[in-house]
Amino acid sequence: MEFFDRFRIWVLAICLIFQLGHGFYLPGSYPHKYVEGDFLNVKVNSLTSIDTEMPFSYYSLPFCQPQEGVKDSAENLGELLMGDRIENSPYRFEMYKNKTEIFLCKSDPLTSDQFKILTKRIDEMYQVNLILDNLPAIRYTQKEGYTLRWTGYPVGVKVKDAYYVFNHLKFKVLVHEYEDANMARVMGTGDAAEVIPTLTKGSGNPGYMVVGFEVVPCSIMHNADSVKNVKMYEKYPSRIKCDPTSVSVPVKEGQPIVFTYEVEFENSDIKWPSRWDAYLKMEGSKVHWFSILNSLMVITFLAGIVLVILLRTVRRDLTRYEELDKEAQAQMNEELSGWKLVVGDVFRAPTNPALLCIMVGDGVQILGMAVVTILFAALGFMSPASRGTLITGMLFFYMILGIVAGYVAVRLWRTIGCGDSKGWVSVSWRAACFFPGIAFLILTTLNFLLWGSHSTGAIPFSLFVILILLWFCISVPLTLVGGYFGAKAPHIEYPVRTNQIPREIPPQKYPSWLLVLGAGTLPFGTLFIELFFIMSSIWMGRVYYVFGFLFIVLILLVVVCAEVSLVLTYMHLCVEDWKWWWKSFFASGSVAIYIFLYSVNYLIFDLKSLSGPVSATLYLGYSLFMVLAIMLATGTIGFLSSFWFVHYLFSSVKLD
């Protein structure tokens, strides 16, 4: 009873905490409440472009710098790996105080190198990414009667061989007014915020929360001579009219650029939990949903047919076989399906058994990481508001699941070796280094390209050291621990004995690898529509947020991979082909081939503007890394399902 009393107290305490926190906040995200006059500091992120896919630092261009100097904001591991470099900016607002014609700075006369790099960034369609209260700046444009949403604004534009830079920004900050006495008041800018609970009614002024951040870039012809004595944040000497449809300040070598801005605050009915809705809206979303739903129904129907056919065929075969006496069984062995003829070879060890065990162990680790990460993301723990948490979570879960990889790899190794645990340390060690080693090789090669381009997407050397330490100090030891438990666990007993002399496989009408390659089309059909959204979020800068639906697609993919591999294994056994181990792995793992071909198709037809061999190499390198992980995960699903099926099939038959 004492235990239940303590449990009840903890439940009440957790409920009280959620009640005080209003219960609607995303995990890991919380609101900031400002009062009128509080300073709001805008931050800058890396310059990005879908034309090159290589991010660069904001201050690599001749923009204004803050008076206190450039400072990096706190970044997590995921942000660094994604190429985000969040820094402070010179833009400063005061809550609910509209200001116009604010002078920011006058740059030095552009040198030849600065002029070349600025015009190059304009040609490559680079976007400036600003952040206020964790909200990216959003820009609205009109095209053919439709409202288009963009995050950030372009560095400039090229018109008739002349380059124009956007040197005046018109900001609009949407705020929602709160008078809730239980809402915590946050003093400061959020970097070092002081949280003061205000639990009494009518205490102080109403607070405001930032629920929207919009920007309109303009090209204004400023008089550089008129701002010689004007200091930062002072009033610009003349009136500024921002017209986004016209440009008037061409970039010229040897001339300075004057930067200004204005800010307007506007009350909004948008509440804080809904402030990300503007970033998550997609044009034609109903069409996308109906298309995806239709695809899911078709795939589910086909998978059901495959399962029904398989169960009916095997069950009928077993029933007819077991109803006969021993003499009739021997007589009908030639007439019935040929899977019973390979009973003495079906569990014969495959070629390269250690490699198969290692790949299966790594596949279980990757699959487990994907399931857990997507589940947490669907619950809101890795929302778009928490930058970098998705990558950080994936790394964390991958390292922790190393213990599962070691256990599965070693136990399968002992099963193939009929209980012999000799060499389990070697198998565990190679399982801990196989996929991470290949990934490290690919990422290092791509990183040299990014280093050569001076891109912020390059992983810093210090982060490389941290990743290696995480690999060898956490992932490898956990995999060895899992291998130890796998060596101590009982191996899986085969239901039949293996003959000393292998049975000759009859010649086949068609090469078996054709069936293996073709088997990947059905799993690919379950995810190719969802793959488009994922690719768009990675390479087109769109926000991906339908993790709940992605979790359903992942479950469906697991089911289809298992069924496809199981059916193909049964087909091979029926033609007396007992070498099913690797074929069952690649039957479902061959979906990776179609995903890679789809990636090439996406590069050619959807990323037409992707320029330069470096950008294409980066794209193909990251695609190869993704495809390898998918092959290991899906191949593991197929192998484990086929292993269970073969074990069940031959343990259900009464054999002498």
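This section describes the disulfides, the cavities and the aromatic contacts of a predicted model.

Two disulfides are found in the structure, and, when the bonded cysteines are counted along the chain, their connectivity follows the pattern 1-2, 3-4. A disulfide is a covalent bond between the sulfur atoms of two cysteines. In one of the two links, C64 is joined to C105, with a computed separation of 1.8 Å between the sulfur atoms. The rotation about the S-S bond of C64 and C105 is -85°, and the link is accordingly left-handed. This pair connects distant parts of the chain, given that C64 belongs to the loop between β1 (39-44) and α2 (77-81), whereas C105 belongs to strand β3 (residues 99-106), and the two cysteines are 41 residues apart. C64 and C105 are both buried.

The other link is formed by C218 and C242, whose sulfur atoms are 1.6 Å apart. Here the rotation about the S-S bond is 65°, and the link of C218 and C242 is right-handed. C218 is placed in strand β15 (residues 207-218) and C242 in the loop between β15 and β16, so the bond ties together parts of the chain that are 24 residues apart in sequence. As regards accessibility, C218 and C242 are each buried. Two further cysteines can be described by their accessibility: C473 has a relative accessibility of 52% and counts as exposed, whereas C561, with a relative accessible area of 0%, is buried.

The cysteine C64 also appears in the analysis of internal space. Rolling a probe the size of a water molecule over the atoms shows where empty space is left. Two cavities of 30 Å³ or more are present in the structure, and the largest cavity holds about 50 Å³ of space. Its lining consists of Y58, F63, C64, Y91, Y153, F166, N167, H168, L169, F259 and T260, and the elements that contribute two or more residues to this lining are β12 (168-178) and β16 (258-267). When the lining residues of the largest cavity are sorted by class, eight are nonpolar and three are polar, while no charged residue is present. C64 is thus a lining residue of the largest cavity as well as a partner of C105 in a disulfide.

Aromatic contacts were examined over the whole structure, and the search returned 46 aromatic pairs. For W582 and F586, the ring centres are 5.8 Å apart and the planes meet at 20°, an angle under the 30 degrees that delimits stacked pairs, so these two rings are classed as stacked. Both residues are located in helix α15 (residues 581-589), where W582 and F586 are separated by four residues, or about one turn of the helix. The two partners fall into separate accessibility classes: W582 is buried, with a relative accessible area of 17%, while F586, at 30% relative accessibility, is partly exposed.

Beyond this pair, one aromatic cluster is made up of W429, F440, F448, W451, F464, W471 and F472. Arginine side chains are also placed over aromatic faces: R92 lies over the face of F39, at 4.2 Å from the ring centre, and R121 lies over the face of Y126, where the distance to the ring centre is 5.3 Å.

Notes
Residues numbered from 1 in each chain as written. Predicted model: local features only at pLDDT ≥ 70, side-chain atom pairs only at ≥ 80, totals over all residues. Heavy atoms only, no water. Phe/Tyr/Trp six-rings, centres within 6.5 Å; stacked < 30°, edge-to-face > 60°. Buried < 20%, exposed > 50% of the residue type's maximum accessible area, 1.4 Å probe, protein only. Lys NZ or Arg CZ within 6 Å of the ring centre and 35° of its normal. 1 Å grid on protein atoms, 1.4 Å probe; cavity = no way out; pocket = protein on both sides within 12 Å on 5 of 7 lines; lining within 4 Å. Points joined across faces, edges and corners; volume = space filled by probe spheres on them. Nonpolar A, V, L, I, M, F, W, Y, C, P; charged D, E, K, R; others polar. Disulfide = S-S within 2.5 Å.
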